[in-house]
Amino acid sequence: MMDLLLDNRALVAILVSALAAVAVALTGERRRNLRESWTVLAALAKFGIVFSMVPGVLAGERYEVNLLQISPGLELALKVDPAGILFALSASFLWILTSFYAFGYMRGGGEHKQTRFFAWLAVCLSATIGICFSANLLTFVLFYEILSVATYPLVIHAGSEKAYRIGRQYLVYAITAGIALVAGTVLIQNAAGTLDFVAGGFLEAEMGTGLLWAVFVCFFIGFGVKAGVMPIHSWLPNAMIAPTPVSALLHAVAVVKAGVFGFVRLVGYTFGPDLMGAIGAAAVLAVFAGGTILLASFIALTKDDLKARLAYSTVGHLSYIVLGVALLAPQAMLGAAFHMVTHAAMKITLFFCAGAIYIHTGKKKVSQLDGIGHQMPLTLTAFGVGAVGLAGVPLVGGFISKWYLAAGAIDAGALIFLGVLLVSGILNAAYLLPIVTRAFFRRSPDHVKLDEASALMTVPIALTMVLSIMLGVFPDAIFRFFSLSEAIVASVTGVTFGAMP
Amino acid sequence: MSQIPALIPTSLLLASLVALLVGLKSHRAAHLIALAGAVFAFVCSILGLQAVIQGDGEAIRYAMGAWVPPIGIEFVLDSLAAYMVTLITFIGVMVLIYAPRSLALETPGRQGMVYPSMTLVLAGLVGMCLTGDVFNLYVFLEIAALAAYALLAIGDRGAPVATLRYLLFGAVGGGFYLLGVAYLYFAAGTVNMADLSMRLPELMESRAVIVAAVLMVVGLGVKMALFPFHLWLPDVYTNAPSVSAGLIAPIMTKVSAYAIIRLFLDVFPPGFFTESLPIATTIGWVSAAGILFGSVLAVAQHDYRRMLAYSSVGQLGYIGLGIGLANPLGMIGGLLHILNHALMKGLLFMIGGAVRLRFGTTKIPEYVGVGRAMPWTMVAFTVGVLAMVGIPPTAGFFSKWYLLLGAADAGAWIWFAVIIASSLLSAIYFFRVVEMIYRDPETDSAVADHEPREAGEAPASMFWPITIMATAVMAVGIFNVLIVSALLERVVAPLGG
């Protein structure tokens, strides 16, 4: 029995939160402490299982599970590789923190339908880990579609007319993306006869440029929607109507990163960097990503609503990763992989802070935050750390990923993208740091007494802040995120960087 | 074992006859007899299916009254027939279990007539699938059709007129088909399918055979409600009782599609529908038009049943596209969609009836709060919707998957695009209902007040068939390879590898 579970760890990691979702739904609101304990147990178990596979993956082992055939010759199959486990590790770790934060947030705000909320959140995590560990495109599509559908109840959680309208928009985007993905998958299956991901890619130039471009366009729509690449991003800022824990975990870490992760799988494991460069698709992808970075940063400057500002910041930062992948240079890919983790840690910190401020004081707008640092110093300190991290200041994780992205841009000879990165770094500082200075250096009669949100919220905030700093100072500590990023680059491009300081 | 092909239709015919007599006294007894007949036929179908799979697709033949063909009538149970009769009898059993509570509400006092008609429809449909000659196919087609007219006409106020229109269309369709059979008989001198497939290759140039093929396909196309012959369908399904719609919408039109596929694959020579005559391509193009037409009109509907009816017009097009593609993958997609759509549409019509029982409405805007009142039924509904949209791993995804693979293989990019576009449209019209049922009637101000007739889930006799159907929609999706490799790959073998 134990052996069976150990051999199928990849599958267990996916199923554990699906089981938790059922348990949560059956337990219900009246026994809410029991209900919450299912979520915590599943989150801890999921992280533990994923973490236990890290040393093996770094040593070159690939944990595989073949479930059953779902189309003649095509299996529902799982395979744990560096790219998958990097994403799975960050998502499952942050789910633990988000769970506690969400207990505090949902109870503090007296939200309705909490059972439904926690059940669907757990389903989303199952789907996300499924995406991480999918061994082939069909399995990937399956989990990607489940994720799309499972997010819908969370987007319309508020139950207002506006929420339903946004829910409809979300569905149209998500279903279109899903269908585009299916179409692209069919084209590949028809042309190549296989859908298994292979590090370095499995498509061949002989398939014809026209077909390869058609495939690329399908996948660009399929992944671009979730990754918030402009001009197909507009569901993302609207989806911020969901409760803040959803914005934090799904719309900064899990769902949107699933789109970004799709680009990693597309460039690194389907087309392969060489073919992407040869047909010119990489350049197109890079231009879209670069444009998104700049535009999103400018739009973020104009937003007074705190969550909207963070949403556009997310749109921009997701495209950092897409750009890093599209530049095709090993260093840029390293930066992109690492930015998946650092951005997750920093952005979730910022969203946690925004949610704590809202639940505790009812303030949603940047212009209302004068002097709030005196009332909630810990929260706003964490916000400051996340902000400087996103701007790329050393000693916070964002610096390291941006460093490699910039180095990669130089390597690739694409100096214009180096310019994009620098300008957007300044813009990042311009739209985030004034919030911090306003909070600490201005005074307001509303915020004089020291009064933090509940410990259920402040402790997760403190932990994500520590994680952000840890990634900047010891990028390879505990979780081995940096080694995993290097392993991704090594398996896709064959380039190794040697030991990191 | 060798009697199975004959046992299935005769047991249903017998049940129908007895139920008719008993039904004059007690509709409860009629229900039990009809159900017993359907269960018996279903068990026989399963046994036959097992025998065919174990026999590597070898057909089981039965000559009626020991009169061997071409003089006598032959029943043949091969992979395709076994697939169809298992589906038909399964749906029959489910709907018969479901029927009493719904009929008591929607057609009070007339239930005694419904059960014999239902079994007669089933008898006609399984007969069409099992018969070994093209003329008897016509006989069973008309048996099923006449019984179906009766079932459909007892519905709401508009039902008789709608059904009369169906009858006119059906009579024309049946007439065309019969005329085609006559031409075929004149040209080839036999109506036995196996004999025809031997003799027709020499007669491929014969005008009579060409005319026969066209007449038969057009006739069946009308019966199948293939665009633009679908005009009878929306009114009929909208006004019919939930039970009749739940029985007829999933399987009736599909069996005509089956007949076209049977003619295409097993009666006429290989290439006759594709190279000699552009029949398959024509079916493909009208189906593509039907998919778009049905999906667009479904978006505009406010009545749940009418929406399902237009959705059916579109979904039948998928089966037609499978025929049109005329390659193994496409045909597998079309055949699989016969099963998938039967399960999904049957499920959704049954749920409509359950909601009507509890809430007294079929209008989508009045579905607010149903999700809270009937949570498990609405989980089943959501499964049905996900399948209709084609979200994996539900059954609906895989028929589209094979159809798309087939379209890519054939380079049929317009049809490829049509399938994609219609998935999006069906997402729009189905998720609208999902949004409505999960709205909260207490906090939602945009909602007109209405009280449920009775709170709670549907009664057990309706709840369990719904649950089983929803489970089947998931199971057929996840385990579709079993069906494809054990049955459908054999069926499409005439199309070549």
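How many Å should the 19 residues of helix α9 (residues 209-227) of chain A span, and how far apart are its end C-alpha atoms? In this predicted model, a rise of 1.5 Å a residue leads to an expected span of 27 Å for α9 of chain A, and because the end C-alpha atoms lie 25 Å apart, the two values agree. Just after α9(A), Gly228(A) adopts a positive phi of about 65°.

The loop between α8 and α9 of chain A contains Phe202(A). This residue has 18 C-beta neighbours inside 10 Å and therefore counts as partly exposed, since a residue is classed as buried at 20 or more such neighbours and as exposed at 12 or fewer. Leaving aside residues up to four places away in sequence, Phe202(A) touches Ala192(A), Thr194(A), Asp196(A) and Thr270(A). Of these partners, Ala192(A) is ten residues from Phe202(A) in sequence, and their C-alpha atoms are 8.3 Å apart in space.

Helix α8 of chain A also takes part in the contact between the chains, to which chain A contributes 22 residues and chain B contributes 24 residues. On the side of chain A that touches chain B, the elements giving two or more residues are β1 (63-71), α7 (137-155) and α8 (161-192) of chain A, and α8(A) gives the most, with 13 residues. The residues on this side of chain A divide by character as follows.

| Character, side of chain A that touches chain B | Residues |
|---|---|
| Nonpolar | 13 residues |
| Polar | seven residues |
| Charged | two residues |

Definitions and conventions
Residues numbered from 1 in each chain as written. Chains lettered and ligands numbered in written order. Predicted model: local features only at pLDDT ≥ 70, side-chain atom pairs only at ≥ 80, totals over all residues. Contact = placed C-beta atoms within 7 Å. Helix = DSSP H or I, 4+ residues; strand = E, 2+ residues; numbered from the N terminus. Nonpolar A, V, L, I, M, F, W, Y, C, P; charged D, E, K, R; others polar. Expected span 1.5 Å × (residues − 1).
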